[in-house]
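Student: Please take a close look at one part of this model, the strand pairing, and continue from there to the metal site. I should like a connected account rather than a list.

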Amino acid sequence: MDTFAAPHFRDDTTAREYLERLLWPEGPICPHCGTINHAYATKRQGVYRCAEKACRKDFTVTMRTVMERSKIALHKWLQAFHLMCASNKGVSAHQLHRTLDIGYEAAWFMAHRIREAMRDGGLAPLGGGGGIVEANETYHGKTEQPRVSPYRKGRPYYPRGSRGPKDKRPILALVERGGRVRTFHAAVADQITVEKIVRENIDSETRLHTDESKLCFGTEAIFASHETVKHSAKEYVRGDVHTNTAEGYFSIFKRGMCGIYQHCREKHLHRYLAEYDFRYNHRVKLGYSDGDRAALAVQGAAGKRLTYHGPH
Ligand SMILES: [Zn+2]
C-alpha cells in the first residue's frame, strides 16, 4: 500500500489539484456552458467562475461527476479508485468502509459510483481484420426480475426450476483473443437476444469461436467464420479454436463475485460486469499499470452522475 504515500492520497486540497490536472488538462472546463479555460478562481477553494458573459456560473472540478455532492474527502475518493482498480477481483464496500474509515453506506455508494465511472460506452465493434472473438455465456445468481421473451409474445414470466440455468441470471461475454472484453447481462439468453448482441458488437470480418451452445447458431452468415468446439464431447481445443479466453474471464469474475461481492442485486449486476470489464480491458498485459488504470477510471468519472437508493 506504499503508493498511498503519494500526496494526492493524503489530503483533500492536493487531491483536488490532482483531479483538476487530470480532468482539465487544458484549463478549467465550465460544466454549464462547456467553455474551456475561460474562468477564474473565486475566493472559495476549488470554486471557479465562468468568465463567459452569458454564463458567469460557479463550478468545481467534481461538478457533474460521480463525486458530485459527496461528503467524502477527495483524497479518500482517490484511494477508493486506486483500490478498486488495483485489485484483481474488486474490493467490497466493507473493505472500503474499514480501510478508508468511512461509513458502510457511504462506502457502498462510493463503490457503485466508481463502477459507473469505469463503465465505457463501448460502441466500436470488437474483432475485425480476421481476428478471433470468443462468445460464451455463463450464469450467475438467481433471477429477481421477470423475464420477457419474444417467444412468449413479450409477456413477462419468472423462469422456473431449481437447477440449471433456468432461474439464473444469464451473462454473455464477447472476448477478443488477446484484446478487449464486453459483457452483457441479458434479461434472457435466448437465440434472438444473443444473436442481436453478437451482431451489434462484433465486426463482420471476425472469426467467431463458441462452444456448441445453440445460442449462436445462424451466425455463419454474418461473420467471416463461425467455429465451435464440442464441450459435450470433451473437445476443448481444436487448432486455435477454443473459448478458453472467455472461460478465463468468467473464472476471475466468479471468484470475485463469490469471494468479495457475495450479495449482488440483479439490478446492479451490469455495474459489477462493467467493473470487471474495465480492469480486464486495462490489464497489465495490455501495458497498463495500476496507476494508469486508476487515472483512466477517474477520467471516466466526468459526465456521469448516479442517483439511486441505498444498499438495502
Ligand atoms: Zn460557463
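Tutor: Two strands are said to pair if DSSP finds at least two bridges between them. The model in view is predicted. In it, strand S7, residues 168-176, runs antiparallel to S8, and five bridges join the two. One of the residue pairs across them is that of Ala173 with Thr183, the latter lying in S8. S7 and S8 form a hairpin with four residues between the strands, and in this hairpin Gly178 adopts a positive phi near 75 degrees. As for its surroundings, strand S8 spans residues 181-185, and four of these five residues are buried, so the strand is largely enclosed by the rest of the structure.

The metal site can be described in similar detail. The zinc ion is coordinated through the SG atoms of Cys30, Cys33, Cys50 and Cys55, at 2.2 to 2.4 Å. Along the chain, these donors follow the spacing C-x2-C-x16-C-x4-C. Within the set, Cys30 and Cys50 link distant parts of the chain, being 20 residues apart: Cys30 belongs to the loop between helix H1 (12-23) and strand S1 (39-41), whereas Cys50 belongs to strand S2 (residues 48-50). Cys30 has a relative accessible area of 2% and is therefore buried; Cys50 is likewise buried, because its value is 0%. Burial here requires a relative accessible area under 20%. Finally, the angles that the four donor atoms subtend around the zinc ion are 105 to 115 degrees, and the arrangement is therefore tetrahedral, since that class requires all angles to lie between 85 and 135 degrees.

Notes. Residues are numbered from 1 along each chain as its sequence is written. This is a predicted model: local features need pLDDT of at least 70, side-chain atom pairs count only at pLDDT 80 or more; totals for chains, interfaces and linings use all residues. Side-chain values use heavy atoms; hydrogens and water are left out. Buried means under 20% relative accessible area, exposed over 50%, partly exposed in between (1.4 Å probe, protein chains only). Donors are N, O and S atoms within 2.8 Å of the metal (3.2 Å for Na, K and Ca); water is not among the atoms, so sites may look incomplete. Four donors count as tetrahedral if all angles lie between 85 and 135 degrees; four count as square planar and six as octahedral if opposite donors are over 155 degrees apart and all others between 65 and 115; anything else is irregular.
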